[in-house]
Structures are given as C-alpha cells and as structure tokens.
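Reader: Please take me through one part of this model in close detail. Start with a single side chain and its contacts, then work outward to what surrounds that part.

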Amino acid sequence: MKVYEKLLDENKKWASQQAETDPAFFEKMAAGQSPDFLWIGCADSRAPADRITNTQPGQIFVHRNVANLVVHTDLNMLAVLQYAVEVLKVKHIMVVGHYGCGGVKAAMSHSEMGMINKWVRNIKEVYADNRVELDAISDENAKFDRMVELNVMHQVKNLIKTSIVQKAWKNGDGPYLHGWILKLDSGTINQIYEVAPGDLSEVDDIFRYDI
Ligand code: CO
C-alpha cells in the first residue's frame, strides 16, 4: 500500500464508524453548517483545530497559514473572515499560535528565504515593535516563547483593525476575539488575550472606521 493510500483507507473506516455511532451524522453534515467559532491557526501539522479541541466536523470554521497571521492584504484570510462573520455569524474568533512555531523562529533570524521572507516579514514587524521588551530577555527560549505570544496578540489586534469586525461590532452581533497558544509538549491551550465586542481601545484610533 502506498503511503497516501493509507489516508483513503482510514477515511473509509472513519466514515463508517461515524455513521455507526450516529446514523444521521452525514445527513446533518450535508444539510449545512452553523459553526460558532472561526479558528485562525498555524499551518503546522501538529496544531489541528478539531482534534485538539475534541470537536466534530461542523463546529469550527478554520483558516490556517504559516504562523497564524492576519494580514490586511491577504484576500484568502479576508474572504474567510467576511464569510465567517457576516454569513455564518460566528460568536468567537480565536487566533491560535503555538510555542515552537517555525514561522516565528524564521522571522527572528536573519536567514534569507526567498518568497518566505515576504510572509514572515509581517512577524518581523512584531519583533521591531517590541524590541525593548524582547531584547531584555536573555534566555533565547524565553524570548522565542514571548515572541509567539506577542505575535498572537498582534494578529488579534489586526482583526480589530478590519472593517469586517468593526461593522459586525457596530451591528451588535460581533464576535469575541481570543488569543490562544498551544503548548506542543502537553497538548494544552493557554488563553493569553481576549477582546470583547466593541472594544476598540486596544488599537490606535486611526484604525477606526466611520461605520
Ligand atoms: Co507554527
């Protein structure tokens, strides 16, 4: 059996087990989705949204990219965000980073990596913005961990800066925003940041739109 064929084989097993446990499961799946959560996580293979939260298909709308970034020119992310907020009306958006993130590590180095430079450049801005705090941390691992946290908080703030979130908040049905960090060595998630709907105090006033 080829390596990838194992995936198809396991898929068949999973589908039949699901159908056995809940005969209406796939009928409900096919009828539509109404997830309460949008998960913006890292593309890292060790951070699967549903597996680590013990949720079922249909419960979390997911967007993942390298280092869980919210980049204001990223049409992919913006389309996901708009659909999640305006159509699915998710109640919570979580930006989920993880300690040991290769994307964050790359951004902290001076390595030249071609196209990847353009993506992790966004994380270098986080470093530059927090240089005083980061330079005061002498332990390299502690500094790396702190960068992962600062990056998550920065990306949550980037969500506040979107007209999509601000419009939803204005309409009174806006989502809570959360910053979470997954610890790969224990599988547990720490909550490090939360922003309530309507709270624009975390970002500079220049980012506020007249909506
Ligand atoms: Co990562």
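Author: Start with lysine 143. Leaving out residues up to four places away in sequence, lysine 143 touches Met108, Tyr127, Leu134, Asp135 and Ile137. The model is a predicted one. Lysine 143 sits in helix α8. Is this lysine 143 buried or exposed? Lysine 143 counts as buried because its relative accessibility is 10%, and the cut-off for buried is under 20%.

Now follow helix α8 outward. Helix α8 spans residues 140-160. It helps to line the largest pocket, supplying at least two residues of the lining. Helices α6 (115-129) and α9 (163-170) also supply at least two each. The space in this pocket is about 420 Å³. Its lining counts 17 residues, and Val70, Val71, His72, Asn158 and Lys161 are the closest to the pocket centre. What classes make up the lining of the largest pocket? Six residues are nonpolar, eight are polar and three are charged.

Helix α8 has a second role in the packing picture. It is among the elements that cover the buried residues of α9. The cover also includes α4 (75-87), β4 (176-183) and β5 (188-195). Which residues of α9 are buried? They are Ile164, Val165, Gln166, Ala168 and Trp169. After α9 comes glycine 172, with a positive phi near 80 degrees.

Next, the metal site. Which residues coordinate the cobalt ion? Cys42 through SG, His98 through NE2 and Cys101 through SG do so, at 2.1 to 2.3 Å. Along the sequence, the spacing of these donor residues reads C-x55-H-x2-C. Histidine 98 and cysteine 101 are both buried.

Take histidine 98 by itself. It belongs to strand β3, residues 92-98. Its relative accessible area is 1%, so histidine 98 is buried. Not counting residues up to four places away in sequence, histidine 98 touches Cys42, Asp44, Arg46, Asn68, Val148, Ile181, Leu182 and Leu184. One of these, Cys42, is also a cobalt donor.

Another of the contacts of histidine 98, Asn68, leads to a loop. Asparagine 68 is found between β2 and α4. Alanine 67 lies in that loop too, between β2 (60-65) and α4. Neither residue is a glycine, yet each has a positive phi: about 70 degrees for alanine 67 and about 45 degrees for asparagine 68. Alanine 67 is buried because its relative accessible area is 0%. Asparagine 68 is buried as well, because its relative accessible area is 1%.

Finally, step back to the whole chain. The domain assignment gives domain 1 as 1-32 and domain 2 as 35-207. Taken over C-alpha atoms, the centres of domain 1 and domain 2 are 30 Å apart. For a residue in the N-terminal stretch, look at alanine 19 in helix α1, residues 3-21. Is alanine 19 buried or partly exposed? Alanine 19 is partly exposed, because its relative accessible area is 33%. Its C-alpha atom is 35 Å from that of glycine 179, and 160 residues separate alanine 19 and glycine 179 along the chain.

Notes. Residues are numbered from 1 along each chain as its sequence is written. Side-chain values use heavy atoms; hydrogens and water are left out. Domain bounds come from an automatic or database domain assignment. Donors are N, O and S atoms within 2.8 Å of the metal (3.2 Å for Na, K and Ca); water is not among the atoms, so sites may look incomplete. Buried means under 20% relative accessible area, exposed over 50%, partly exposed in between (1.4 Å probe, protein chains only). On a 1 Å grid over the protein atoms alone, a cavity is a set of points where a 1.4 Å probe fits but cannot get out, and a pocket is an open set with protein on both sides within 12 Å along at least five of seven lines; lining residues have an atom within 4 Å of a point. Grid points are joined across faces, edges and corners, and a volume is the space filled by probe spheres set on the points. Helices (H or I, at least four residues) and strands (E, at least two) are DSSP runs, numbered from the N terminus. Ala, Val, Leu, Ile, Met, Phe, Trp, Tyr, Cys and Pro count as nonpolar, Asp, Glu, Lys and Arg as charged, and the others, Gly among them, as polar. Contact means heavy atoms within 4.5 Å.
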